[in-house]
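Student: Could we go through this one together, a bit at a time?
Tutor: Sure, take a look and then ask away.

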Amino acid sequence: MKKIAKSVKIGKEILLAKCLRRVLPISIKVFITDHCNLNCSYCYPLIHKREFGSDMSKEELFKLFDDLAAIGTKAVVLQGGEPLLREDLIEILHQIKSYDDTELLVVSNGTLIKDRKSTRL
């Protein structure tokens, strides 16, 4: 019931934004790391050299999420590389979940999910 009420509230906000011709960032994908524990050909084709940049710091991500929440973003999708490689992932997830009416999705290859870690997620 809580999920239905949340969906209705988000739907009303989207409809209001459309009526007022306001741009509303409904969903955003954030690549929180370039690092991955696999070397899949569809992510790293032979023509591209696999290079890792530096990831955004937790503080930089928190500032980004604060800004996104302030402008009305309703869903954050965390991607990578492999998001589960970040040591601070649990803190990042808690930060996103602290915003009212913000949905959270994590895209993972699933190979790092173990019983103990998945219960914390």
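**Strands and salt bridges**

Student: How many bridges join strand β2 to β3?
Tutor: Strand β2 covers residues 75-79 and runs parallel to β3. Strands here are DSSP runs (E, at least two residues), while helices are H or I runs of at least four, numbered from the N terminus. Two strands pair if DSSP finds at least two bridges between them, and the count joining β2 to β3 is 4.

Student: What am I looking at, a predicted model or something else?
Tutor: Local features need pLDDT of at least 70, side-chain atom pairs count only at pLDDT 80 or more, and totals for chains, interfaces and linings use all residues, as this is a predicted model. Residues are numbered from 1 along each chain as its sequence is written, and side-chain values use heavy atoms, leaving out hydrogens and water, so the answer is: a predicted model.

Student: Which residue in β3 stands opposite V76?
Tutor: The open sheet has 3 strands in the order β1-β2-β3, with parallel pairing. Opposite V76, in β3, you'll find L104.

Student: Which residue meets E91 in a salt bridge?
Tutor: A salt bridge puts a side-chain nitrogen of Lys or Arg within 4 Å of a carboxyl oxygen of Asp or Glu. Here the N to O distance is 2.7 Å, and the partner of E91 is K58.

Student: Why does that pair tie together parts far along the sequence from each other, and how many residues apart are they?
Tutor: E91 sits in helix α3 and K58 in helix α2. So the pair ties together parts whose separation in sequence is 33 residues.
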